[in-house]
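Here's a walk through one model, strand by strand and then into the metal and ligand sites. Have the structure open and follow along.

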Amino acid sequence: MQNLFDTDGEIEALAPGAMLLRGRALGVDAELLVAIEAVAKAAPFRHMVTPGGFEMSVAMTNCGAGGWITDRKAYRYTAEDPESGKPWPAMPAAFLALAGAAAAEAGFPNFVPDACLINRYETGARLSPHQDRDEADYGHPIVSVSLGVLATFQFGGSKRSDPMQKVALRHGDVVVWGGPSRLAFHGVLTLKDGEHLLTGRRRFNLTLRKAF
Ligand code: MD3
Ligand code: FE
């Protein structure tokens, strides 16, 4: 069933190398959420602290060979969860399959991520504009998957002062960031109060990367 305003299935170029694949995660949304729950059972969501000393409003965990962390020392990837000393949980097969298919559709064949950061936003959480530059090779794209409450995402150019455009990211949307967009500044505006049937008042975002 499809309504006139439904954009699921569309592909939209946000900028050179940045492709928005509307609704591409809808067929596997429940499976992704079950996998997130399993990851969080082994490696609970936590609010990390930046080197500047601020606690992040977004709660995070990771799966895969590498996990992105921040503490008072630095931003970096680690093989172990510093909270437990154990390796991060394995990357669920459903994450790998979705990321590979989305990257291929956007023109990046053979994308095999080795790190997945899972962000959890509750009402009021935000992510201020930044670049993702802790990975070894910017030749690989990044695939992001949005689940739950709608968020307004903003992205600009490779300089902080470049103008930013806004785009609404909905449950099931997938974005592939590669080529000239790989080092674009981007962030997420303060999450408004809202509700989604599958996630309640939260938004989850998967960021699949080749870190090493
Ligand atoms: C554009 N996460 O975890 S995903 C992050 O919705 C992050 O939680 C946001 O930014 C979130 O680092 C945004 C979209 C995204 C991810 C990586 C990018 C956009 C990007 C890398 C380069 C350019
Ligand atoms: Fe980012």
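Two strands are taken to pair if DSSP finds at least two bridges between them. Keep in mind that this is a predicted model.

**The seven-stranded sheet**

With that rule in hand, start with the open sheet of 7 strands, which has the order E1-E2-E11-E8-E13-E6-E3 and antiparallel pairing. At its edges sit strand E1 (11-15) and strand E3 (59-64), each of which pairs on one side only. Going from one strand to the next, the twist averages 20°.

Inside that order, strand E8 (residues 142-148) and E11 are joined by 4 bridges in the antiparallel sense. If you want a landmark for this pair, look for Ile-142, which stands opposite Trp-177 in E11.

**The four-stranded sheet**

Another open sheet is built from 4 strands in the order E7-E12-E9-E10, again with antiparallel pairing. Strand E7 (127-130) and strand E10 (165-169) are its edge strands, and each has a single partner strand, so one side of each is left without a neighbour in the sheet. Here the twist from one strand to the next averages 20°.

E7 runs antiparallel to strand E12 (residues 186-188), and 2 bridges join them. Leu-127 has Val-188 as its bridge partner in E12.

**A hairpin and two loops**

Strand E4 (residues 67-70) and strand E5 (residues 75-78) run antiparallel and are joined by 4 bridges. They make a hairpin with 4 residues between them, and Ile-69 faces you as a handy marker opposite Arg-76 in E5.

Now for the loops. Arg-182 is found in the one between strand E11 (174-177) and E12. Is Arg-182 buried or exposed? Its relative accessibility is 4%, and because the cut-off for buried is under 20%, Arg-182 counts as buried. The side chain of Arg-182 also makes a polar contact of 2.7 Å with the side chain of Glu-135.

Met-164 belongs to the loop between strand E9 (151-155) and E10. With 32% relative accessibility, Met-164 counts as partly exposed. Met-164 and Phe-185 are 21 residues apart in sequence, with 8.3 Å from C-alpha to C-alpha.

**The iron ion and ligand 1**

Which residues coordinate the iron ion (ligand 2)? They are His-130 (NE2), Asp-132 (OD) and His-186 (NE2), at 2.0 to 2.2 Å. Along the sequence these donor residues follow the spacing H-x1-D-x53-H. Asp-132 is buried, its relative accessible area being 9%.

Ligand 1 is surrounded by 19 residues, and the closest are Asn-119, Tyr-121, His-186, Arg-203 and Arg-209. So His-186 turns up twice: as a donor to the iron ion and among the residues closest to ligand 1. Asp-132 has a double role too, since this iron donor also has a polar side-chain atom 3.2 Å from an oxygen atom of ligand 1.

Here are some polar side-chain distances to oxygen atoms of ligand 1:

| Residue | Distance to an oxygen atom of ligand 1 |
|---|---|
| Asp-132 | 3.2 Å |
| Arg-203 | 2.8 Å |
| Asn-205 | 3.4 Å |

As for cover, ligand 1 exposes 500 Å² when taken alone, and the protein buries 98% of that.

Terms used:
Residues numbered from 1 in each chain as written. Chains lettered and ligands numbered in written order. Predicted model: local features only at pLDDT ≥ 70, side-chain atom pairs only at ≥ 80, totals over all residues. Heavy atoms only, no water. Donors = N, O, S within 2.8 Å, 3.2 Å for Na, K, Ca; no water. Buried < 20%, exposed > 50% of the residue type's maximum accessible area, 1.4 Å probe, protein only. Near = heavy atom within 4 Å. Polar contact = N/O pair within 3.5 Å; in protein donor to acceptor, adjacent residues only side chain to side chain. Areas by Shrake-Rupley, 256 points an atom, 1.4 Å probe, with all protein chains shown as cover. Axes fitted to C-alpha atoms, helices over the stretch in contact; angles between N-to-C directions.
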